[in-house]
Amino acid sequence: MVNKYNLPNTTGGIDQALVGIQESVSIFTPMLLFFIFCIVLLGGVMAQKRRIGYADFPMWTLLASVSTLCVALPMTLVEGLINPLMLGVIVTITLASGLWFFLTKDRGEI
Amino acid sequence: MGYIKLLGGFLLVMIFSIAIVSYVVFYTNDNASSVNLDQDFNDFNSDLQANGTLYYNEVNTSSDNIFKSTVSEGSQTTVSGQGLKGGISTLYTSVSSIFDLISSKIFGGDPRFTIFLTMIGAFILFVMAVYFIKMWIGANPD
């Protein structure tokens, strides 16, 4: 069987396997973090909309951003898994979603 | 959103930014991270903390002016109105710092993409102007 990418070394631990995947497919970590972001955002929005009839998009965007940041920070401890540019973009999106959240509250809300 | 909630929102934005950026900077420093954060983050962290200190001092001064303000007999107007002016300049610099980081990290510092930031900034200024006018003509500023 011929693969079009180098198979990761799975005998060195999960982190080495992840680094191997990242070296072969450079979009792997950004897509993984985007997946986490979307899971929190869409899951929260859908659940809130089903329960109370409307969805607080700024709040769930902020929660999704912070969740993604919390997952991305431990990734910096392994070399080759995430680069400074990606981390910078995540931090910036977190701050921008915080700006959106704190400036869109109507009266009676937080 | 009224005037007080707008100021409160800006204050919370500043505190939130300090918390997030300090968390990232100190996490990567304390845990021997393989990712070296560039100088932009350290500069942004220092700027935000300086803004927070300045805001704190301005609010203290403004609050002190409210307590010291006097009403002359028969006029029913306060001599000092500093309380509603506190912290505007530092809030502006804090938000512009966030915009600088967005421009640098998401748009790569490319001036052609800053039209988005200009649009967002213009919208925020428009909303602020609307609320200032609304407050000026006597509407309830919350």
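**Exercise 1. Place F10(B), which is found in helix α1 (residues 3-30) of chain B, in its surroundings within this predicted model.**

*Solution.*

Step 1. Classify the residue by its accessibility. The relative accessibility of F10(B) is 7%. Buried means under 20% relative accessible area, so F10(B) counts as buried.

Step 2. List the neighbours, leaving aside residues up to four places away in sequence. Within its own chain, F10(B) touches L91(B), V95(B), I124(B) and M128(B). From the other chain, L103(A) is also touched by F10(B).

Step 3. Compare sequence and space for one of these neighbours. F10(B) and L91(B) are 81 residues apart in sequence, yet their C-alpha atoms are 6.4 Å apart in space.

**Exercise 2. Describe the make-up of chain A and of chain B: how many helices and strands are there in each?**

*Solution.*

Step 1. Count the elements. The secondary structure of chain A consists of 4 helices and 0 strands, and chain B has 4 helices and 0 strands. Along the sequence, chain A reads α-α-α-α, and chain B reads α-α-α-α.

Step 2. Determine the buried fractions. Chain A has 110 residues, of which 39% count as buried. Chain B has 142 residues, of which 32% count as buried.

Step 3. Examine the sequence range of the contacts. In chain A, 52% of the contacts between residues at least 6 apart in sequence join residues at least 24 apart. For chain B, residues 24 or more positions apart account for 66% of the contacts with a separation of 6 or more.

Step 4. State the accessible surfaces. Chain A has an accessible surface of about 6500 Å², with 67% belonging to carbon and sulfur atoms. Chain B exposes about 8600 Å², and carbon and sulfur atoms supply 64% of that area.

**Exercise 3. Identify the buried residues of helix α1 of chain A and state which element they pack against.**

*Solution.*

Step 1. Select the buried residues. Helix α1 of chain A covers residues 14-24, and its buried residues are A17(A), V19(A), G20(A) and Q22(A).

Step 2. Find the packing partner. These buried residues of α1(A) pack against α2 (28-52) of chain A.

**Exercise 4. Characterise two threonines of chain A, T61(A) and T94(A): is each one buried or exposed?**

*Solution.*

Step 1. Assign each residue to an element. T61(A) lies in helix α3 of chain A, and T94(A) is found in helix α4 of chain A.

Step 2. Apply the accessibility criterion. T61(A) has 11% relative accessibility and therefore counts as buried. The relative accessible area of T94(A) is 0%, so T94(A) is buried.

Step 3. Inspect the contacts of T61(A). Residues up to four places away in sequence being excluded, T61(A) touches F37(A), L41(A), S97(A) and W100(A). The C-alpha atoms of T61(A) and I93(A) are 9.4 Å apart, with a sequence separation of 32 residues.

Step 4. Inspect the contacts of T94(A). With the same exclusion, T94(A) touches L62(A), S65(A), V66(A) and L69(A) in its own chain, together with F16(B) and I20(B) of the other chain. A polar atom of the T94(A) side chain lies 2.7 Å from the backbone oxygen of I90(A).

**Exercise 5. Analyse the interface between chain A and chain B: what area is buried, and which residues of chain A lose the most?**

*Solution.*

Step 1. Establish the extent. There are 32 residues of chain A in contact with 32 residues of chain B. The area buried between the two chains is about 2600 Å², and carbon and sulfur atoms give 78% of it.

Step 2. Locate the main contributors. On the side of chain A, L95(A), L99(A) and F102(A) lose the most area to chain B, together 25% of what that side buries.

Step 3. Count the polar interactions. Between chain A and chain B there are 0 salt bridges. The count of residue pairs in polar contact, both at pLDDT 80 or more, is 3.

Step 4. Assign the contacting residues of chain A to elements. Two or more residues each come from α3 (57-75) and α4 (84-103) of chain A. The largest share, 15 residues, comes from α4(A).

Step 5. Sort these residues by type. The side of chain A that touches chain B divides into 19 nonpolar, 8 polar and 5 charged residues.

Key. Residues are numbered from 1 along each chain as its sequence is written. Chains are lettered from A and ligands numbered from 1 in the order in which they are written. This is a predicted model: local features need pLDDT of at least 70, side-chain atom pairs count only at pLDDT 80 or more; totals for chains, interfaces and linings use all residues. Side-chain values use heavy atoms; hydrogens and water are left out. Contact means heavy atoms within 4.5 Å. Buried area is the accessible area (1.4 Å probe) that two parts lose on being put together, summed over both. A salt bridge is a side-chain nitrogen of Lys or Arg within 4 Å of a carboxyl oxygen of Asp or Glu. A polar contact is a pair of N or O atoms within 3.5 Å; within protein, one must be able to donate a hydrogen and the other to accept it, and residues adjacent in sequence count only if both atoms are side-chain atoms. Ala, Val, Leu, Ile, Met, Phe, Trp, Tyr, Cys and Pro count as nonpolar, Asp, Glu, Lys and Arg as charged, and the others, Gly among them, as polar. Buried means under 20% relative accessible area, exposed over 50%, partly exposed in between (1.4 Å probe, protein chains only). Accessible areas come from the Shrake-Rupley method with a 1.4 Å probe; for residues, only the protein chains shown count as cover.
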